[in-house]
Amino acid sequence: MTEKLITAVIVVAGVPAVLIGYIWATEQVLRLLPERQKPRVRPWLWLGPALAFLALFLVYPMIGTIIHSFQDNAGNVFVGLDNYTWFLGSADALSALKNNILWIVFLTLLVVGLGLLVAVLVDKVRYESFAKSVIFVPLAVSMVAAGVIWLYMYQYKPPGAEQVGTLNAAIGVVGLGPVAWTQIQDFSINTFSLIIVMTWMWTGFGMVIISAALKGINPELMEAARMDGATEWQVFRGIIFPLLVPTLVVVSTTMIITALKAFDIVYVMTNGAFDTDVIALRQYKEAFSAHNIGRASAIAILLLAAIVPVLLFNIRRFRAQEAIR
């Protein structure tokens with residue numbers, strides 16, 4: 001009890017004290033500098049703590065991971081590119097890579113497509129806020145909770161038994177047999193079933209971002225097109241969609257990164273069984289099940305290498321947009 005009390009006091013009083021002390025020390029250092037140098041030095045002093053945390057918790061572990069990716073499972077012997085060649089020759093790793101590609105393609109298309117559809121359909125209707133709130137709610141649910149919810153949605157019982165899963169009970173009403181949504185052996189729709197769960201969560205995100213961009217379009221452009229005899233489809237295709245393309249690209253790149261990092265839902269619902277493994281889960285298994293730090297590190301670096309180009313693309317687009325403004 002005493003240790004917890006001391007910890008609480010340190011957190012409550014110590015953290016603000018350190019922050020105030022750093023502010024005071026920063027101002028004291030600035031006073032010693034010539035006036036012309038203060039504007040250049042001040043930003044770096046304020047950014048110092050953030051950069052230190054970034055280096056400690058991101059850059060340093062990344063360097064360590066790169067080093068481990070060239071070592072054996074115990075992290076003692078240098079093995080060169082063996083861990084990377086293992087990934088390219090492993091059936092399990094390539095299966096995970098295939099599934100991640102499916103995640104990237106279909107999750108991005110579904111979230112962007114449904115988000116755009118909902119944003120356009122509910123725009124300027126009386127119940128717009130309510131409809132958007134309902135669709136956005138799943139994003140507030142954690143990945144683990146969403147996996148548990150959809151486990152009950154997909155729950156399967158053999159034909160003839162009472163179906164307690166929501167989807168199988170629903171299709172049973174119209175005389176269709178139960179479907180093992182995440183456990184099919186002969187035809188793998190398992191990964192698509194998991195993608196639907198993530199789509200259910202992230203469609204609200206796409207809808208909100210696209211809807212905000214839609215509200216920013218000058219309504220006079222659309223009214224002028226309608227007065228010229230354009231149909232709603234022509235207005236959408238010729239005005240709305242082209243102006244929304246930059247926003248759609250941002251949402252798409254965000255979903256690509258999300259798809260590459262997919263882990264929680266797969267871990268909770270199937271743990272990679274029935275050909276649903278993904279790269280992040282394969283990394284977890286190599287690290288904590290196979291205890292092969294070298295292979296897990298190699299997978300982490302490959303995942304990082306896949307994400308970095310997407311991030312750089314996003315940064316370039318942001319800079320281009322800021323330059324236009």
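Is Phe-274 buried, partly exposed or exposed? To find out in this predicted model, select Phe-274 in the loop between H11 and helix H12 (residues 279–288), where the residue turns out to be partly exposed, with a relative accessible area of 31%. While it is selected, look at the backbone as well, since phi of Phe-274 is near 55°, a positive value in a residue other than glycine. Most residues other than glycine have a negative phi.

Next, select His-291, which lies in the loop between H12 and helix H13 (residues 293–324). Phi of His-291 is likewise a positive value in a residue other than glycine, near 55°, but this residue is exposed, with a relative accessible area of 53%.

Now move to helix H3, residues 82–89, and colour Asn-83, Tyr-84, Trp-86 and Phe-87, which are the buried residues of this helix. These residues cover an arc of only 155° around the axis, which puts them on the same side of H3. Turn the view to the other side of H3, and there you will find Leu-88 and Gly-89, which are exposed.

Keep H3 on screen and add helix H4, residues 91–121. Two packed helices are described by the angle between their axes and the distance between the axes. Here the axes of H3 and H4 come within 5 Å and cross at roughly 70°, and the two helices are therefore roughly perpendicular to each other. To see where they meet, select Trp-86, Phe-87, Leu-88 and Gly-89 on the H3 side, together with Ala-91, Ala-93, Leu-94 and Leu-97 on the H4 side. The residues of this contact divide into seven nonpolar, one polar and no charged.

From there, go to the largest nonpolar core, which has 38 residues, and select Trp-103, Leu-107, Ile-240 and Leu-244, the members that touch the most other members. The elements that give two or more residues to this core are helix H4, helix H6 (143–154), helix H8 (190–215), helix H9 (219–227), helix H10 (232–260) and helix H11 (264–269), and showing them together lets you follow how the core is assembled from several helices.

Zoom in on Leu-244 and display its neighbours: leaving aside residues up to four places away in sequence, Leu-244 touches Leu-116, Ile-210, Ala-213, Leu-214 and Ile-217. As a last stop, select Ala-93, Ile-257, Leu-260 and Ile-299, which are among the members of a second, separate core of 11 residues. Ala-93 was also one of the H4 residues that meet H3.

Key
Residues are numbered from 1 along each chain as its sequence is written. This is a predicted model: local features need pLDDT of at least 70, side-chain atom pairs count only at pLDDT 80 or more; totals for chains, interfaces and linings use all residues. Side-chain values use heavy atoms; hydrogens and water are left out. Buried means under 20% relative accessible area, exposed over 50%, partly exposed in between (1.4 Å probe, protein chains only). Helices (H or I, at least four residues) and strands (E, at least two) are DSSP runs, numbered from the N terminus. The arc is that of the directions from the helix axis to the C-beta atoms. A nonpolar core is a set of buried Ala, Val, Leu, Ile, Met, Phe, Trp, Tyr and Cys residues joined through side-chain atoms within 4.5 Å. Contact means heavy atoms within 4.5 Å. Axes are lines fitted to C-alpha atoms, for helices over the stretch in contact, and angles run from 0 to 180 degrees between N-to-C directions. Angles under 35 degrees count as roughly parallel, over 145 as roughly antiparallel, 65 to 115 as roughly perpendicular and the rest as oblique. Ala, Val, Leu, Ile, Met, Phe, Trp, Tyr, Cys and Pro count as nonpolar, Asp, Glu, Lys and Arg as charged, and the others, Gly among them, as polar.
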